[in-house]
Amino acid sequence: MTPRLSTLDLVAKVDAFPYADRDPEAYAQIMKSFYTFVWEDQQGQIPIGYMKLDVVDALNQAPANLKGQLGLHIDVSNRTVVLFRDAPDKTYEERTRLVGELTALWREQKAFPILKSWRNELWPVYGRNKELVFSMERAAMGLFGTTRYGVHMNAFIRRQDASSKYDFRIWVPRRSPTKSTYPSMLDNAVAGGLMTNEDPFECVIREADEEASLPEHVVRKNAKEVCTITYIYITDERAGGEAGLIYPECQWVYDLELPADGSVVPEPKDGEVESFSLRTVEEIQEQLAQGLWKPNCAVVMLDFFLRHGIYTPENEPHYDAFRDRAHRHIAFPGPHQA
């Protein structure tokens, strides 16, 4: 019998990377399998990601001309990787093009299973002062372990009846069984990755239309930004075929209250969602306990329960631990930092 998952179990699945200060032994052990990806500027070096050893090997085996243009420097003693160290004058556009050549080569070579999920979407990589240093193909981000950004939105109505002691009814989509990542798992009403130079709210508008057929004027008027959720995830095979990659992530979270009369309901549009169902809090609690939700979407849903007083310090034993783990400090630079 599969054990039921607690709130702490669910957030620990997402915020899985060991804390160096809390569990130094676990941190040291996992870092044996990684190099730190650092960015070098006039102030020195700053970490921006984590690379698995096979990624470092693939970098080292890249064509000599490309390695030279990339300014690749691998420091075995300090276990660090630097790009563009010997080419500080390259522009953002030049760096983006060269990283694109590298990842396209890996895709052609079928070097990493995760590149089968190639999207032709550029995601941002930031330097010390939150400046864009380059962008790269979304599917390749995990190979470099740089911070990923996205948006999630909970859509709900309010209704009081005997089916639940709470007045929330929450729209829950089931992901398509053909999705390359987490097929058939339950999800937030709207979620998506933030492309380079894309505003989080405009991303929500775009994804709400593409995934849930929600009218722009409804979302633009009623969606409320409520928080960010941050964590450092370690992938398993459900994340696109590549286990053991490190995903530092920041998600902008929105709530959208829809009309209770059913005049606006989410519907599948782009094929990423199989169906939507309107669920009570109790039904979702059961789904979460059974592990039916996509991991980071489960954390977004649990955060909804905390923010709306469904879970409190009095009725949820892991309340403080959840808040801590779902709002982790990510040391890498970027807009997630205050």
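A salt bridge is a side-chain nitrogen of Lys or Arg lying within 4 Å of a carboxyl oxygen of Asp or Glu. In the structure examined here, which is a predicted model, the side chains of Arg-307 and Asp-255 meet in such a salt bridge, with a distance of 2.8 Å from N to O. Because Arg-307 belongs to helix α10 and Asp-255 to strand β11 (residues 246-257), the pair ties together parts that are 52 residues apart in sequence. The two partners fall into separate accessibility classes, since Arg-307 has a relative accessibility of 29% and counts as partly exposed, whereas Asp-255, at 6%, counts as buried. Salt bridges that share partners also join Glu-198, Arg-206, Glu-207 and Glu-210 into one network.

In total, the structure holds 23 salt bridges. One of them is formed by Glu-286 and Arg-4, whose closest N and O atoms are 2.9 Å apart. This pair links distant parts of the chain, as Glu-286 is found in helix α9 (residues 281-289) and Arg-4 in the segment before α1 (7-14), 282 residues apart. Glu-286 is partly exposed, its relative accessible area being 32%. A further salt bridge brings together the side chains of Asp-167 and Arg-158, at 3.5 Å from N to O. Asp-167 has a relative accessible area of 22% and is therefore partly exposed, given that buried means under 20%. Its partner Arg-158, with a relative accessibility of 35%, likewise counts as partly exposed.

Attention then turned to the nonpolar interior. The largest nonpolar core contains 71 residues, of which Trp-106, Ile-170 and Phe-305 touch the most other members. Helix α10 (residues 295-307) supplies the largest share of this core, namely nine residues. When residues up to four places away in sequence are not counted, the contacts of Trp-106 are Val-55, Ala-58, Leu-59, Ala-111, Phe-112, Leu-115, Leu-143 and Phe-144. A second core, separate from the one just described, consists of 28 residues and includes Ile-157, Trp-171, Tyr-254 and Leu-256.

A polar residue, Ser-176, was also examined. Ser-176 is located in the loop between β8 (168-175) and β9 (190-193). With a relative accessible area of 7%, Ser-176 is buried, because this value is under 20%. Apart from its neighbours within four places in sequence, Ser-176 is in contact with Pro-183 and Ser-184, and also with Gly-271, Glu-272, Val-273 and Glu-274.

How values were computed
Residues are numbered from 1 along each chain as its sequence is written. This is a predicted model: local features need pLDDT of at least 70, side-chain atom pairs count only at pLDDT 80 or more; totals for chains, interfaces and linings use all residues. Side-chain values use heavy atoms; hydrogens and water are left out. A nonpolar core is a set of buried Ala, Val, Leu, Ile, Met, Phe, Trp, Tyr and Cys residues joined through side-chain atoms within 4.5 Å. Buried means under 20% relative accessible area, exposed over 50%, partly exposed in between (1.4 Å probe, protein chains only). Helices (H or I, at least four residues) and strands (E, at least two) are DSSP runs, numbered from the N terminus. Contact means heavy atoms within 4.5 Å.
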